[in-house]
Amino acid sequence: MRHDSATFDLQNCLLEEPVIRWRCVADGELQRSTLPALMAAMAADQVRDFPALRPHQRHPWHAFLTQLAAIALHREGRTQGWTDASDWHRGLLALTPDDPDGSAWCLVAPPDRPALLQAPVPGERVEDWKNLLWAPDELDMLVTSKNHDVKGARARSAEADDWLFALVSLQTQEGFLGAGNYGISRMNGGFASRPGVGIAARGAWGQRWLSDTQRLLAQRARLADEHGYASDHGHALLWLVPWAGTTSLDMSSLDPLYVEVCRRVRLLSANGALVARVTGSKVARVAAKERSGVTGDAWMPVETSEGKALTVSAAGFEYRLMSELLSGGRFAHGAAWSLDGWPADAALEVVAQATVRGQGKTEGYHERRVPVSPKLRQLLAGPQRVAVAEIAKHRIAAIAAVRKLVWSSLSLLFANGDADVRNDGISERANRFARPFETREDARFFTDLALEVEAENEARSPERLRWLLGLVERAEAVLVEAFTAGPRSGMQRYKAQSAALSRFHGALRGSKPVLPDLAHHYAQQRQVASPRVEGERHE
C-alpha cells in the first residue's frame, strides 16, 4: 500500500455517524444508527438483532455495550439508564474528557490520539508496522475464522460495523497467538476462553442488556473491594491510555468494569476503504497472569475449589457442565447470574456462550440456552437447589452407565458375538455407533430433568422411573440401529445380534444391575406376574 494513500483523519465516529446496522423487533426493518441512538433503542427494547454480527461476536458485543453503559451511568451518578439518545451521547462523551471532538469514539483517528478500542501510539509511524490487514476477517480471531470455515479477507467490501465488531471481538476476547500477541486479562491463560454465562429474560437484545447493566451497577462497589480495583477514577476505557507495547497496567489502577484492549492495532483509510495496521507488544496490556482469569467479569463462572476462571472445553456446554452451572456447587457466578429481582411470571433462561480456543487452533463457537421456569427458579434460589443438583447428578450417572452398556453391547455385536475378540477397530466402531445415544440424551436432558424436579414430592419417584424406562428404550434403539453395520451372513448375524441384546438386557436385570432402581422395578414386575402365571397353570 502506498503511504501517501493512507489517512488518519477522524472517520466513522460512533457518537455522530449512523454506522451500526440493526433490525427492529416489530417488523425486522433494517436500521442504521449511532451508538447513542442504538442504546436508546435498546432501552426501549426495539433491537431484534445485528445482521453483520457473527455468532462468536455475540457475547463480546453484548459485554462491550453493557460495560460501556454501566461505566457511563456510574460516572453520572445514575442507577437507571437513559431513554434519550442525546443523554447517552453526553454520558459517553463524558468518559473521554481529553477528546471532546469524539476521537476516542472514531474508528479512524491520528495515531497519537485514541481511536475506538485502539490505544494511542505517540511517536510511532504506524505506516511502518509490517502487518497490513485488508479486511475485518483478518483482524478478528484469526485462528477461529479458519475453524469456522470462514475464509480470511473475504469481506473486502466490508462496512464500518464489520470492522467495529471485529475490533470488539479481538480486543475483548482474544487469547495468546505467538510471541508479541498477548491475550486478554479476563480469562484463565492465553489458550482459555472468555465465556458469557448468565440469567436472562427470553426476548430481544434490549432486555438482557438492561438487566445486566443494572447488575453491574449494583455489584460495582463489591467488585472493587474484592478484587482490589480503584473505587473511583480508575482506567475504565483502556484504549484511552497510550501504549508503546512495553508496559502493563496494574489491576489496582483499573475501574472494576474496565473495557480492555489486548493488541496494538490502528485502523486507517486507504483509498476510501478501511484497513488495519497491527504490530506486537513485549508484554500483555494488563498485568493479570496471577489472577487466573478471576477479575470479577460479570459473565465468568469461577471454579471455587481452584480459584480460576472457567475454561470451556471442545465439548462446549454439554449437559454435565450445564448441570454444574445451573445447580451444582462447583462454580461461583458473576454479576450477570441472578435468580432474584425478576417478575414472578418472567420467562427466564440460562445463556451460555463461548469461543473455545486451543494451542494453535480453535474448537469452534458454542452456545446453549436452558429455560428456567418460575418453579425451577424458586427451587434453585432456595435450599431445594441441593435436591435439584442431586437429581441431576443421578441422571448424569445413569446416562453414563447406560452409555457404557451400549458400548459394551456394540463391541460384542461387532465381534460377531465372540466375547473373547477385542481390538482397537472394534472399540472405535463401538464408540462411533454409541455416540448418538449420549448426543440425543444431551439434547433432551434439561427438558426431562424439569419434569422430575418440578413434580410434587410424591410424584418424583414415578417420574424418575418413567425417565429410566425411556432411557433404556432409547438406548436399545441405538443398539438395534447398529445391527445394519454388524455381520451380514445369516448365522453370524443371528449370533451377534442375540449376544448383544442378551448382554444389554442381562446387565439391566442381573445380579449386579447397572441401574439398581430399574432392576428393582423389573423384579417387582416379575413378582406380580408370577402368581398370575401359577394361577393359570392350576386352572
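Is C13 buried or exposed? Select C13 and take a look: C13 is buried, with a relative accessible area of 7%. Here "buried" means under 20% relative accessible area, "exposed" means over 50%, and "partly exposed" is in between (1.4 Å probe, protein chains only).

Before moving on, a word on what you have open. This is a predicted model, where local features need pLDDT of at least 70, side-chain atom pairs count only at pLDDT 80 or more, and totals for chains, interfaces and linings use all residues. Residues are numbered from 1 along each chain as its sequence is written, and side-chain values use heavy atoms, with hydrogens and water left out.

**Stop 1: the cysteines.** Stay on C13 and add C106. The sulfur of C106 is the nearest cysteine sulfur to C13, 3.9 Å away, and C13 is in no disulfide. A disulfide is a pair of cysteine sulfur atoms within 2.5 Å. In fact, searching the whole structure turns up zero disulfides. Now pick C24, another buried residue, with a relative accessible area of 14%.

**Stop 2: tryptophans.** There are 15 aromatic pairs in the whole structure. Rings of Phe, Tyr and Trp (its six-membered ring) pair if their centres lie within 6.5 Å; planes under 30 degrees apart count as stacked, over 60 as edge-to-face and the rest as tilted. Select W82 and W88: this pair is edge-to-face, at 5.0 Å centre to centre and 85° between the planes. W82 counts as buried because its relative accessibility is 4%, and W88 counts as buried because its value is 1%.

Keep W88 and add W209. Their ring centres are 5.7 Å apart and their planes are at 45°, so this pair is tilted. W88 lies in helix α3 (residues 85–93) and W209 in helix α7 (residues 205–227), so the pair ties together parts that are 121 residues apart in sequence. Helices (H or I, at least four residues) and strands (E, at least two) are DSSP runs, numbered from the N terminus.

Next, select F50, W61, F64, W105, F165, W205 and W239, which form one aromatic cluster.

**Stop 3: a covered strand.** Go to strand β11 (residues 254–259), where six of its six residues are buried. Add strand β9 (residues 235–237): β9 and β11 run parallel and are joined by two bridges. Strands pair if DSSP finds at least two bridges between them. Click L237 and you'll find V259 of β11 opposite.

**Stop 4: charges over rings.** Which ring does the charged end of R395 sit over? That of W467, 4.3 Å from its centre. Finish at R509, whose charged end sits over the ring of Y522, 3.9 Å from its centre. The rule: NZ of Lys or CZ of Arg is within 6 Å of the ring centre and within 35 degrees of the ring normal.
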